[in-house]
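Here's a quick tour for the bench, with an eye on charged side chains, strands and model confidence. Have a look at the structure first.

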Amino acid sequence: MIKALKRVAFFLFVLTAAPSAYAASIELPVARQTIPAGSEIGHRDLVERKFPSRTATQFAVASHRSQLVGQVTRRTLLPGQPIPINSVEKPLLVKRGEPARLVFQEQGLVIIMQVEALQNGGAGSFVRVRNVDSGLVVSGRVQQDGTIRVEN
């Protein structure tokens with residue numbers, strides 16, 4: 001009799017816990033199909049899938065499409081799996097060891113010079129560069145067009 005009561009109590013618990021578990025879910029963007037490393041992510045590459053709400057809090061995963069679209073994959077993304085934030089990055093506009101253009105602008109004066117990038121960088125990131133002629137190292141912010149702007 002006690003075993004039967006325990007079973008009934010267990011089934012009641014399971015039945016009452018199931019709706020709350022369903023309510024405690026979150027939709028996360030996942031890859032629709034395998035996305036190879038180095039690929040740019042588009043809207044069509046992603047779908048939403050439900051996961052337990054703790055997934056987003058326990059792991060550093062993307063919670064919105066806007067965090068992923070336009071980004072480049074650093075490693076292969078598997079379909080149906082939450083996408084870790086550190087597995088994507090901004091597209092590189094400046095690459096280490098390659099030539100770039102440094103722009104200095106102040107009060108109508110514009111100076112443009114050839115530099116060598118010492119770091120990789122996407123739009124908005126700060127990178128260090130070396131002046132090809134003088135060897136002077138400066139840093140600046142990468143612009144959308146790939147130039148590097150020195151800020152005061």
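What follows covers confidence, then the strands, then the salt bridges.

**How far to trust it**

Keep in mind that this is a predicted model. The protein comes out with an average pLDDT of 86, and 84% of the residues score at least 70. Confidence isn't even along the chain, though: among the elements, helix 1 (residues 2-23) has the lowest mean pLDDT, 52, while strand 11 has the highest, 96. Over residues 18-22 the pLDDT stays under 50, and for that stretch the model has one contact beyond four places in sequence.

**The barrel**

Five strands make a closed barrel, running 6-7-9-10-11 with mixed pairing. Take one pair from that order: strand 7 (residues 109-117) and strand 9 (residues 126-131) line up in the antiparallel sense over three bridges. If you want a spot to click on, Val-115 has Asn-131 in strand 9 as its bridge partner.

**The salt bridges**

How many salt bridges does the structure hold? There are three, and here they are with their N to O distances.

| Pair | N to O distance |
|---|---|
| Glu-48 and Arg-65 | 3.0 Å |
| Arg-74 and Glu-89 | 3.8 Å |
| Arg-141 and Glu-151 | 3.2 Å |

As background, side chains of opposite charge can pair when their charged atoms come close.

Start with Glu-48 and Arg-65, whose closest N and O atoms are 3.0 Å apart. Glu-48 lies in strand 2 (residues 46-52) and Arg-65 in the loop between helix 2 (54-58) and strand 3 (72-73), so this pair ties together parts that are 17 residues apart in sequence. Are these two side chains tucked away? Glu-48 has 37% relative accessibility, so it counts as partly exposed. Arg-65, at 24%, also counts as partly exposed.

Next up, Arg-74 and Glu-89 meet in a salt bridge at 3.8 Å, N to O. Arg-74 is in the loop between strand 3 and strand 4 (88-89), and Glu-89 is in strand 4, so to speak 15 residues along. Glu-89 is partly exposed, with a relative accessible area of 31%.

Last, Arg-141 and Glu-151 pair at 3.2 Å, N to O. This salt bridge links distant parts of the chain, ten residues apart: Arg-141 is in strand 10 (residues 137-142), and Glu-151 is in the segment after strand 11 (148-149). Arg-141 is partly exposed at 28% relative accessibility, and Glu-151 is partly exposed at 42%.

Methods
Residues are numbered from 1 along each chain as its sequence is written. This is a predicted model: local features need pLDDT of at least 70, side-chain atom pairs count only at pLDDT 80 or more; totals for chains, interfaces and linings use all residues. Side-chain values use heavy atoms; hydrogens and water are left out. A salt bridge is a side-chain nitrogen of Lys or Arg within 4 Å of a carboxyl oxygen of Asp or Glu. Helices (H or I, at least four residues) and strands (E, at least two) are DSSP runs, numbered from the N terminus. Buried means under 20% relative accessible area, exposed over 50%, partly exposed in between (1.4 Å probe, protein chains only). pLDDT is the predictor's confidence in each residue, from 0 to 100. Contact means heavy atoms within 4.5 Å. Two strands pair if DSSP finds at least two bridges between them.
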